[in-house]
Amino acid sequence: MNILEKIVADKRKEVDLKKSLITLPQLEASVMMERTSVSLAEVLRNSNSGIIAEHKRRSPSKSVINQSLNVQDVAKGYADAGVCGMSVLTDGKYFGGSLDDLVLARASTNIPILRKEFIIDEYQIVEAKAYGADVILLIAAILTREEIKTLSELAKDLGLDVLLEVHNEEELKKSLMPSLDMLGVNNRNLKSFEVDLEISKSLSKKIPDDFVKVSESGISSVEAIRDLKEFDYQGFLIGENFMKTDEPGKSAKKFIDKIIA
Ligand SMILES: O=C(O)c1ccccc1NCC(=O)[C@H](O)[C@H](O)COP(=O)(O)O
């Protein structure tokens, strides 16, 4: 079993356990339909920087990134830096995140928030809405086309933006549909952890212009952003490069200042 298969197997057990405690109808009853922020896709379309900054304590490829910060300070720091949106990892076992992180980030800022999770079930989408997310991530490598359609349509019904993530042309071809807002290309191979920004460059022409293009993972320089902009990317998801510092917000601010200078 590769790491992605392990994560998904654990996620299935986790979701089944949660459903046995709080049923989907009970969870749905706690959802407030009002949007808390503007659409991330819209913000990215109109931004010069395009930065989506991630809260990430650790990951399967990096056992420790930063365990000493609190999510409220990180969220406020990112918002003050002028990022377009914040990504909050909610997986506990592999990333040290939680739904508490999501709710605390939501309470700390009005910028669009992405629930970064391995979504395999509609329950997690209702949960994302209930805990204050504005955007969900769907990963093509772990979903069929039918699942992408059902999950993305549910997200749209709940007023959430959808970021669909691919890593190769086959995943892209299988996934394109109108219920997606943003197409993310993950530069990290989620099975081997190898990072290569060329993946974003090579897939960009194959992504229709209706979708906002987001390049994800392994981005650590302003030069890389300038380069990716030439390939029509409008969004850049950055985690480790900011989170490895003592003040991720300040790092994001310096980064953004350089991009727009
Ligand atoms: O980051 C990992 O090691 C990882 C491993 C397996 C599945 C997903 C993984 N990361 C999720 C992400 O997509 C990244 O956290 C995000 O794109 C930011 O990446 P980075 O800027 O390289 O921290």
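**Group meeting: the ligand site in a predicted model**

To begin at the ligand, one of its oxygen atoms is 2.9 Å from a polar backbone atom of Gly 218, a polar contact being a pair of N or O atoms within 3.5 Å, where within protein one must be able to donate a hydrogen and the other to accept it, and residues adjacent in sequence count only if both atoms are side-chain atoms. The protein covers 97% of the 510 Å² of accessible area that the ligand has on its own, with areas taken from the Shrake-Rupley method with a 1.4 Å probe and, for residues, only the protein chains shown counting as cover.

I should say early that this is a predicted model, in which local features need pLDDT of at least 70, side-chain atom pairs count only at pLDDT 80 or more, and totals for chains, interfaces and linings use all residues. Residues are numbered from 1 along each chain as its sequence is written, and side-chain values use heavy atoms, with hydrogens and water left out.

As for confidence, the mean pLDDT (the predictor's confidence in each residue, from 0 to 100) is 96 for the chain, and 99% of its residues reach 70 or more, while the model scores ipTM 0.97 and pTM 0.96.

Returning to the site, there are 19 residues around the ligand, and Glu 54, Lys 56, Ser 61, Lys 116 and Ser 217 come nearest, where near requires a heavy atom of the residue within 4 Å. Lys 116 places a polar side-chain atom 2.5 Å from an oxygen atom of the ligand, whereas Glu 240 has a backbone N or O atom 2.8 Å from a ligand oxygen atom.
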